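I opened this notebook to keep track of what I looked up in the coordinates. The entries run from the chain as a whole down to single residues.

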Amino acid sequence: MTTDQDQSEQRRAKRFSVQASVEFAQGRGFSHDISTTGLYFLTEYLFRLHEKVLLIIRPAHSPSIRCTGEVVRIEKIEAQGYGIAVFFTDLLFEPTLSH
């Protein structure tokens, strides 16, 4: 259970609107915003609250980000599937391969 203080602490990190593909074992989605502490993305896959996840975030012109985290919020989005909020537990920036 999170307290009001926990939620305000989590939201102190500045959010950035970033459009990127988000890949995970069960499928993919698209980012809505990202911060140093987490990610909010849209997908058709329904995660479970507190589920541990491995994500690969692929921004168009930046290195990919491999991260692990915990699902902390799930919202049903009309005609778009689900909005998933993930709190990061680990981040790794991956160099992009030149083609």
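The entries below begin with confidence and overall make-up, then turn to the strands and to a few residues.

**Entry 1: confidence.** I noted before anything else that this is a predicted model. I looked up the pLDDT and found that the chain averages 85, with 83% of the residues scoring at least 70. Residues 1-9 are a stretch that I will treat with care, since their pLDDT is below 50, and beyond near neighbours in sequence this stretch has two contacts in the model.

**Entry 2: the chain as a whole.** I counted one helix and six strands in the secondary structure, and reading from the N terminus I wrote the order down as α-β-β-β-β-β-β. The chain has 99 residues, of which 36% count as buried. For the surface I recorded about 6,900 Å² exposed by the chain, with carbon and sulfur atoms supplying 55% of that area. I also checked how far along the sequence the contacts reach: among those between residues at least 6 apart, 42% join residues at least 24 apart.

**Entry 3: the barrel.** How do the six strands close, and in what order? I found that they close into a barrel in the order 1-2-3-6-5-4, with antiparallel pairing, and that the twist from one strand to the next averages 45°. As a reminder to myself, strands of a sheet pair through backbone hydrogen bonds, either parallel or antiparallel.

**Entry 4: strand 1 and its two partners.** I then followed strand 1, residues 20-24, which is joined to strand 2, residues 27-34, by four bridges in an antiparallel arrangement. The connection between strand 1 and strand 2 is a hairpin that passes through two residues. Within this pairing I noted V22 with G29 as its bridge partner, and S21 with F30 as its bridge partner. Strand 1 is also joined to strand 4, residues 52-59, again by four bridges and again antiparallel, and there A20 stands opposite P59. When I looked up the burial of strand 1, four of its five residues turned out to be buried, and I recorded the strand as mostly covered.

**Entry 5: E70 and H50.** Which side chains make polar contacts with the side chain of E70? I placed E70 in strand 5, residues 64-77, and found a polar contact of 2.7 Å between its side chain and that of H50, together with a polar contact of 3.4 Å to the side chain of K52. Leaving out residues up to four places away in sequence, I listed what E70 touches as H50, E51, K52, A85, V86 and F87. I went on to H50, which lies in the loop between strand 3 and strand 4, and noted a positive phi of about 70° although H50 is not a glycine. H50 has a relative accessible area of 48%, so I entered it as partly exposed, the class that lies between 20% and 50%.

**Entry 6: S64.** Is S64 buried or exposed? This residue is found in strand 5, and I entered it as buried because its relative accessibility is 9%, which is under the 20% limit. The side chain of S64 makes a polar contact of 3.1 Å with the side chain of R58. I also looked up the separation of S64 and V22, which are 42 residues apart along the chain, and found 9.8 Å between their C-alpha atoms.

**Entry 7: two exposed loop residues.** I took T36 next, in the loop between strand 2 and strand 3, the latter being residues 38-43. T36 counts as exposed because its relative accessibility is 63%, over the 50% limit. Even so, not counting residues up to four places away in sequence, T36 touches A13, F88 and L91. T36 and F16 are 20 residues apart in sequence, and I recorded 9.4 Å from C-alpha to C-alpha. My last look was at A79, in the loop between strand 5 and strand 6, residues 81-94. A79 has a positive phi of about 65° although it is not a glycine, and with a relative accessible area of 83% I entered A79 as exposed.

Technical notes:
Residues numbered from 1 in each chain as written. Predicted model: local features only at pLDDT ≥ 70, side-chain atom pairs only at ≥ 80, totals over all residues. Heavy atoms only, no water. pLDDT = per-residue confidence, 0-100. Contact = heavy atoms within 4.5 Å. Buried < 20%, exposed > 50% of the residue type's maximum accessible area, 1.4 Å probe, protein only. Areas by Shrake-Rupley, 256 points an atom, 1.4 Å probe, with all protein chains shown as cover. Pairing = 2+ DSSP bridges. Axes fitted to C-alpha atoms, helices over the stretch in contact; angles between N-to-C directions. Polar contact = N/O pair within 3.5 Å; in protein donor to acceptor, adjacent residues only side chain to side chain.
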